[in-house]
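Here is a set of exercises to work through with the coordinates open beside you. Try each task on your own, then compare your route with the solution.

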Amino acid sequence: MDISEMFETYFERLSEVAESEKYKQCLQCGTCGGSCPYGIASPFTPRKMILALRAKLIDEVLESGAQWLCTSCYTCSYRCPSQIPLTDAIIPALRELSLLEGNPPEELAAALMNTARYGNPFRESPRKRDSWVKEVEFEVPLISKKGDVDVLFIPECFGAYHRRCREITKALAELMYLIGIDFAILGNEERCIGDLTRLSGEFGLFEDLMEKNIKTFEKYSFNRIVTHDAHAFNALRREYPKAGFEKDVLHHTQLLYENLDKLKDMFNELDYTVTYHDSCYVGRRNGIFEEPREVIKAIPGVKFVEMKRTRENALCCGGGGGGVWLDSFIRNYLKERPAEDRVKEAASVGANVIVTPCILDVPMFEDALKMTGLEGELVVKDISELVLEAIKG
Amino acid sequence: MDEETRIGVYICHCGRNIAEKVRIDELLDFAKTLPNVTVVRDYKYMCSDPGQKLIAEDVEEKGINRVVVAACSPTLHENTFRNACRRAGLNPFLFQMANIRELDAWVTESVEDATEKAKAFLRAAVNRVALHEELEVGKTKINPNVLIVGGGIAGISAALVLAEAGVKVYLVEKEPTIGGNMAKFDKTFPTLDCAACILTPKMTAVKAHSNIELLTYSEVEQVEGYVGNFRVRIKKKPRYVKEDLCIGCYECVEDCLFAEPMFPSEFEMEIGKRKPIYIPFPQAVPLVPVIDPNTCMWLTAKKCPQYCREACEPDAIDFNMGEEYADVEVGTIIVATGYKPFDAARIPQYGFGKYENVYTSLQVERMLNSTGPTGGEVLLANGKKPERVAIVHCVGSRDENYNRYCSKVCCMYSIKLARLIKERTGAEVYNFYIDIRAAGKAYEEFYKKAMEEGVYFIRGKVAEVTDIAKSEEEKGKLVVVAEDTLLGRVRRIPVDMVVLSVGLEPQEDVDRIRNMLKLSCSADGWLLERHPKLAPVSTAAEGIFIAGCCQGPKDIPETVAQAEAAAGEALSLIERGEIELEPNISFIRRERCSGCRICIGVCPYGAISFDEEEKVAVINPALCRGCGTCVAACPSKAAQQHLFMDEEIYAEIEGVLL
Ligand SMILES: Cc1cc2nc3c(=O)[nH]c(=O)nc-3n(C[C@H](O)[C@H](O)[C@H](O)COP(=O)(O)OP(=O)(O)OC[C@H]3O[C@@H](n4cnc5c(N)ncnc54)[C@H](O)[C@@H]3O)c2cc1C
Ligand code: SF4
Ligand code: SF4
Ligand code: SF4
Ligand code: SF4
């Protein structure tokens, strides 16, 4: 593409995202750059990207690779005084160009390619999506068999295939079973929900996945969707309705909170000092702050401590927006990754368990614990793992 | 009127404004065909003297008794032509304007359409004017007393101008002392002169002036009436100390059960402490203590021997005081209720309330003030002087998440604080800004001086303040993170103290004031002036003026200018002695009124009452403002409005539609 074509493609995409026109009102104040976990390392902070767009230097931005230095944490968008949708529009539209130009970082390119082909980024067979079901001792029904249910449970790709994340899926399923929730799964009919795809700039693929998924949902009768994948939660709640999807979507922290009275009766004491990490897509982006805290605090014996950067201002784990596949790319720019910074913070407030509500956090933080040598001091648990542990003793 | 209706029609070219779109000749011919039209003329500028003379001549020579001018908007020249009629001996309300400029020539594309539209407007006006009646303009006397709400520098300045002119002023201030925000400052930009030195003499002058009745710790509760005749009810909160007996000796404060001050002082922005009985600051006016009912041991729990009362020689302390009301009558009102500072805790990433060395600008103003809690020194929580200080501009301003607007004074006061902090502590000072707004007399020079003195200016809005150290240098410090947008690099600056330059916001109770006085406000909540350029201190409500920061952020020079302008406007009304009332008020056709009382409920001015004997509604012409709400609401068509009678409106509509 020559520059003018690039511009045309770019602004066409921008015009499809609500409020993106606001980039024209950028004050060049730098709040975004100062807030960004990669700001210190990026050759083009969001502010400078906008400046470059104004100066028609879009090619220079793409060459610098800055468009991949974003974990879609929404901190910049949240703080931007002009309310410019940086995370939803300015950056992913640049990524789209970069994909079209054919030079995205390799790992990410592979993940996107796999998603298009297999419906998951791991190049796994769709038939293995529900293989975790065989590893639990209770029955996890398929919605196609069970018919009418209250809850459709979506483990999403990480929860279905990733070795560590499957443990979380199993814990949450067991909790639902113990509480007595009427739930079922789609089994191998489930397909990637696609939020990471969208924020990686593969808008077309995202729309395709969304369309197919909505068709699948329409086949079955259920009241609401529950998922422990914060990114799937975000897309189902904020993007899918734009395509006509109307069902209630709950994050598992909300479901646990809703059933807190029942859970309380089952709790045993746990001798932990726990801190809670506000994941971007649960907290800052979707405003869920209190529910998980209430659940954790209800476990007897648990000492709850807050980190310094909490709620809207929590630091990202670095996994979002395709970040899980950009690890080696980002290392070229940054010495300390956000996840490492974050686990150090958790340790500094005296926690020995860091509880998270987003499925990507667990592998990201466990890796960071190894890198920082904090492995002995601190463990990472998803909130459903902590709750199950409190029940089983 | 028995005499034959003879209408004169005058068509204005307005230079080329109208003439280039509307075919004047065709319109002239058309006018001649309309009923009762006796004279038809056109002229280049009807509003000019010769234009107006045409009307007078025709009244005299041709016996014209109704006038229609087809020209611009009535808001512009209705009064011009009404006066022309009056001078010609015609009742000014036997006149109607057809707007063929703003509503036609300026907004219609083709000459064809514009000419047709002009015909319709003209026909409507001719139809209507034939039905007009002669109306008399009522007059009302202006009560020469003035109410001023708010005793900041705006209220004080206006009060003194008026009082000096011999006018009786009621100055109502909700706090225990006057002075407003200015009383908190140590020095003021751009001259760095001491705030107290210029403010205190004015405050004492207010207290001393025989024409000013000062009501502190009081609020306006209710306002009724209209320009020239407002009835105002003022609530005086109990101070528990009698102002007329107290001599300001501080004996009661000294002897209070609480030996040490231990409650956060409102005046000190919570960084200083006070007792339950206190005087906000040494130059307070009136210099009379107030007892806080929420902390006094007697008032909360009846558990105190009332040491304060024992200590008081003149026996001024009175625990039986309750709320009192004062009713006053005034002719004009000046609203000068100022602003409230933005609540910095709303931006959690700046750490206010979380880190002890993050302060707001007003707190630092208090530290700098020699009567403040640190005796004029800028100190950290540990009592030491800071070696590095960051000043964060635009806190809560120019930010769509909070307030969109620029608070205008904070750039300048941030530069002031930078210079004062540097002078008192020798610290390195960093100002983080988006743009420096230093537009004012001697302001740029003030900014340059700060640079010359070594204040650092970093162009970038602060992203966050944190105590998470990333290097040795940052340990134990507050780290200010911002993108230095000129350098193109994110910087982390470790400092000892952070000062948040909070913006200005409308007062908490602005809506109550606004509704009580029937004022409007802008989208941001500031009280709205009648015209942003040409009527900056008048409001939509006749006889009510605004001054100072209640109208929008501004500095002291501008505040005082507005206050004195508002005083001038009030004086102008008072000097006039009486004002004319618009005759387009409503009335009830008694014979039609069914007594349903619907109109009474809808009138926003409380102008309608019920005649119990005759069982009909009655409108008080002195209170009616001619809004027409009752006319629309009346199911019996009994409520009618002069100049907007049903027949007149129908005739006009037919004229447009035919
Ligand atoms: C930190 C800071 C530093 C500043 N430094 C400077 C400076 O150096 N130089 C400069 O020119 N400007 C400065 N300013 C701006 C200055 O404060 C304003 O221009 C000025 O105070 C405006 O005066 P005002 O009378 O309109 O409002 P205010 O000072 O706010 O006074 C309003 C008064 O009305 C009273 N009131 C409010 N509501 C009611 C009610 N309902 N009934 C009765 N009374 C009521 C209030 O209690 C108050 O006493 C600074 C502002 C800030 C925040
Ligand atoms: S925070 Fe918003 S306004 Fe400020 S530079 Fe970034 S994009 Fe522009
Ligand atoms: S979304 Fe997060 S990572 Fe991406 S640019 Fe904004 S602040 Fe940086
Ligand atoms: S009554 Fe007691 S506590 Fe209250 S002000 Fe007087 S001395 Fe102080
Ligand atoms: S005056 Fe300066 S500090 Fe205040 S809001 Fe405007 S630009 Fe920001």
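The exercises below concern a predicted model, and they go from a chain interface to a domain interface and then to ligand shells.

**Exercise 1. Describe the contact between chain A and chain B: how many residues does each chain give, and how much area is buried?**

Solution.
Step 1. Start by collecting the residues in contact, for which heavy atoms must come within 4.5 Å. Chain A brings 26 residues and chain B brings 23 residues.
Step 2. Turn to area. About 2100 Å² is buried between chain A and chain B, with carbon and sulfur atoms giving 44% of it.
Step 3. Ask who contributes on the chain A side. A:R79, A:P81 and A:K308 supply 25% of the area that chain A buries against chain B, more than any other three residues.

**Exercise 2. Find the polar pairs across this interface, and say which elements of chain A take part in the contact.**

Solution.
Step 1. Count the pairs. Between chain A and chain B there are 16 residue pairs in polar contact, both partners at pLDDT 80 or more.
Step 2. Locate the elements. On the side of chain A that touches chain B, α2 (31-35), α5 (75-79) and α18 (338-348) of chain A each give two or more residues. The largest share, 4 residues, comes from α2(A).
Step 3. Sort that side of chain A by class: 6 residues are nonpolar, 12 are polar and 8 are charged.

**Exercise 3. How many salt bridges cross between chain A and chain B, and why does the pair A:R79 and B:E464 join two chains?**

Solution.
Step 1. Apply the cut-off, a side-chain nitrogen of Lys or Arg within 4 Å of a carboxyl oxygen of Asp or Glu. The interface of chain A and chain B then yields 6 salt bridges. Over all chains, the structure holds 90.
Step 2. Check one pair by distance. A:R79 and B:E464 meet through their side chains in a salt bridge at 2.9 Å, N to O.
Step 3. Place both ends. A:R79 sits in helix α5 of chain A and B:E464 in strand β24 (residues 462-466) of chain B, so the pair joins two chains.
Step 4. Check another pair. The side chains of A:E336 and B:K470 form a salt bridge at 3.3 Å, N to O.

**Exercise 4. Divide chain A into domains and characterise the contact between domain 1 and domain 3 of chain A.**

Solution.
Step 1. Set the bounds: chain A has domain 1 (3-103), domain 2 (116-257) and domain 3 (267-392).
Step 2. Relate the two domains. The C-alpha centres of domain 1 and domain 3 of chain A are 28 Å apart. Domain 1 of chain A gives 19 residues to the contact and domain 3 of chain A gives 18 residues.
Step 3. Add the area. Between domain 1 and domain 3 of chain A about 1600 Å² is buried, and carbon and sulfur atoms give 64% of it. In domain 1 of chain A, the residues that lose the most area to domain 3 are A:Y38, A:Y74 and A:Y78, together 31% of what that side buries.
Step 4. Look for charge pairs. The interface of these two domains has 1 salt bridge. As for A:R285, it forms a salt bridge with A:D88, with closest N and O atoms 2.8 Å apart.
Step 5. Finish with polar contacts and elements. Domain 1 and domain 3 of chain A share 8 residue pairs in polar contact, both at pLDDT 80 or more. On the domain 1 side, α5 and α6 (86-100) of chain A each supply at least two residues, and the largest share, 3 residues, comes from α5(A). By class, that side has 11 nonpolar, 5 polar and 3 charged residues.

**Exercise 5. Which classes of residue make up the shells around ligand 4 and ligand 5?**

Solution.
Step 1. List the shell of ligand 4, which includes B:C256, B:C296, B:W298, B:C304 and B:C308. Two or more residues come from each of α9 (297-301) and α10 (307-311) of chain B.
Step 2. Classify it: the shell around ligand 4 has 10 nonpolar residues, no polar and no charged ones.
Step 3. Repeat for ligand 5, whose surrounding residues include B:H393, B:C394, B:R398, B:D435 and B:R437. The shell around ligand 5 divides into 4 nonpolar, 3 polar and 4 charged residues.

Notes: Residues numbered from 1 in each chain as written. Chains lettered and ligands numbered in written order. Predicted model: local features only at pLDDT ≥ 70, side-chain atom pairs only at ≥ 80, totals over all residues. Heavy atoms only, no water. Buried area = accessible area lost by both parts, 1.4 Å probe. Polar contact = N/O pair within 3.5 Å; in protein donor to acceptor, adjacent residues only side chain to side chain. Nonpolar A, V, L, I, M, F, W, Y, C, P; charged D, E, K, R; others polar. Near = heavy atom within 4 Å. Domains from an automatic or database assignment.
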